[in-house]
Amino acid sequence: MSTKSLRYVFLGLSLTSSWGNGHASAYRALLRGLRARGHSLLFLERDLPCHEQHRDLRRPPYAEVGLYRSLDELRDRYAQAVREAALVVVGSGVPEGALVGAWVTEEARGRAAFYDLDTPVTLRKLALGDHSGLTPQLIGRYDLYLSFTGGPTLSLLERKYGAQRARPLYCGVDPEMYHPEPAEPRWDLGYLGTYTEEKQQVLERLLLEPARRFRRGRFAVAGSQYPASIAWPENVHQLEHLTPEKHRAFYNAQRFTLNVTRGDMVESGWSPGVRLFEAAACGTPILTDPWPGLEAFFQPGREILLVRSTDDVVRRVRETFDSERLAIAQRARQRIFAEHTSSHRAETLEKYTLELLDEGSRQRLKVGREAQVALHPEG
């Protein structure tokens, strides 16, 4: 429990719907962690049809939720909430995000932060002149730039783009939701993720082709938006979108789970997806494509296994003894409890917030003293 209760307002893509929205898991874990530390939370999201049709958490017990249909409605209904918050956090992916951010940084009386859950994508868009979600000028107006990507990207955000403070805020996992369950594995290897053309190419190499070569093996892919044109091997079970409360059972039904990293996140490095932490918390050993900075989160060979080719996957799935497999999973789970829970992430954000507020207090005190000296120069 924190020693000081703070009021947070988040404006994110969606908390109430996880359909095609990986941000939902990250927000849910973070907000649960903040609430457990005694903080007051309001989450604002655009009421989009795609989310309305797939809402799986309409009334979270740990946060108020406000829906708005337009920028005008956002301003009219929630200006006071934004003014009164200790920290207002605008997330990446918010519709008309640049306009929302410009309003927040002008309206907020506390501090304002940008939470980028897609940092490499954001930087690519900025380079291409796409400023719909964030403008170069707006970056410097935020008091804090929270980045899903750490490593060298943080200094790049400050040096090149003028971020006042670029700090990492990785995804975390709630161990009360993600934990081992006694179950006989149904699949030798599974994958959980929304379809993208780029990731599908990696999935072809690291799951579908291994399934064709290892015909006695059992494989599974779960996620939304997969086109009907995909030719799934007969021993690959394809599931539609799984809501977060079903993730734990899915991980626990796998001997191994596969992590696939987007190309821009491989290039940037230091970009761990939430699925890594969820699977590890469930005690499911992970096979992952390699990327820079991975060793900052899991130790390759001891807590996670690297695979680069179809042959690597087939060998790991067929030849790894259960004793080794379970030992790797247990070490990864211990790492989660030591560094990567929702409580850790909430504590990190709380620390950043208090630093900002303390700095603001010192600045106001300094300005007050300077004003007194100007009024009474003779002391």
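Leaving aside neighbours within four places in sequence, which residues is R335 in contact with? The tour of this predicted model reaches the reply at its last stop, after the whole chain and a pair of helices.

**The whole protein**

Begin with a cartoon of the entire model, in which 14 helices and 13 strands can be traced. The radius of gyration is 22 Å, close to the 21 Å that the globule rule gives for 379 residues, so the protein is as compact as a globular protein of that length. Aligned on the principal axes, the C-alpha atoms fill a box of roughly 90 × 40 × 40 Å.

Next, colour by burial: buried residues account for 55% of the 379 residues. If contacts are drawn between residues at least 6 apart in sequence, 71% of them join residues at least 24 apart.

Switch to a surface representation. The accessible surface comes to about 17,100 Å², and carbon and sulfur atoms contribute 49% of that area. Then mark the charged groups: there are 51 positive and 48 negative charges, and their mean positions are 2 Å apart.

**Helix α7**

Select residues 152-159, which form helix α7, and show the side chains of its buried residues, T153, L154 and L157. Turn the view to look down the axis of α7: the buried residues fall within an arc of 105°, so they line one face of the helix. To see what they pack against, add α5 (119-127), β6 (144-147), β7 (166-168) and α10 (263-268).

**Helix α5**

Keep α5 on screen and move the selection to its own buried residues: T119, P120, V121, T122, L123 and L126. The elements covering these residues include β5 (111-116) and α6 (136-141), together with β6, α7 and α10. The two helices are thus best viewed together, as α7 is among the cover of α5 and α5 is among the elements against which the buried residues of α7 pack. Following α5, stop at G129, where phi is positive, near 85°.

**R335 in helix α13**

For the last stop, select residues 322-339, helix α13, and pick out R335 within it. Is this arginine buried or exposed? The relative accessibility of R335 is 16%, and since buried means under 20%, R335 counts as buried.

Now display its surroundings, which settles the opening question. Beyond its neighbours within four places in sequence, R335 is in contact with E295, A296, F297, F298, Q299, E303 and H340.

Key: Residues are numbered from 1 along each chain as its sequence is written. This is a predicted model: local features need pLDDT of at least 70, side-chain atom pairs count only at pLDDT 80 or more; totals for chains, interfaces and linings use all residues. Side-chain values use heavy atoms; hydrogens and water are left out. Helices (H or I, at least four residues) and strands (E, at least two) are DSSP runs, numbered from the N terminus. The radius of gyration is taken over C-alpha atoms; the globule rule is 2.2 Å times the number of residues to the power 0.38. Buried means under 20% relative accessible area, exposed over 50%, partly exposed in between (1.4 Å probe, protein chains only). Contact means heavy atoms within 4.5 Å. Accessible areas come from the Shrake-Rupley method with a 1.4 Å probe; for residues, only the protein chains shown count as cover. Lys and Arg count as positive and Asp and Glu as negative; His and the chain ends are not counted. The place of a charge is taken as NZ of Lys, CZ of Arg, CG of Asp or CD of Glu. The arc is that of the directions from the helix axis to the C-beta atoms.
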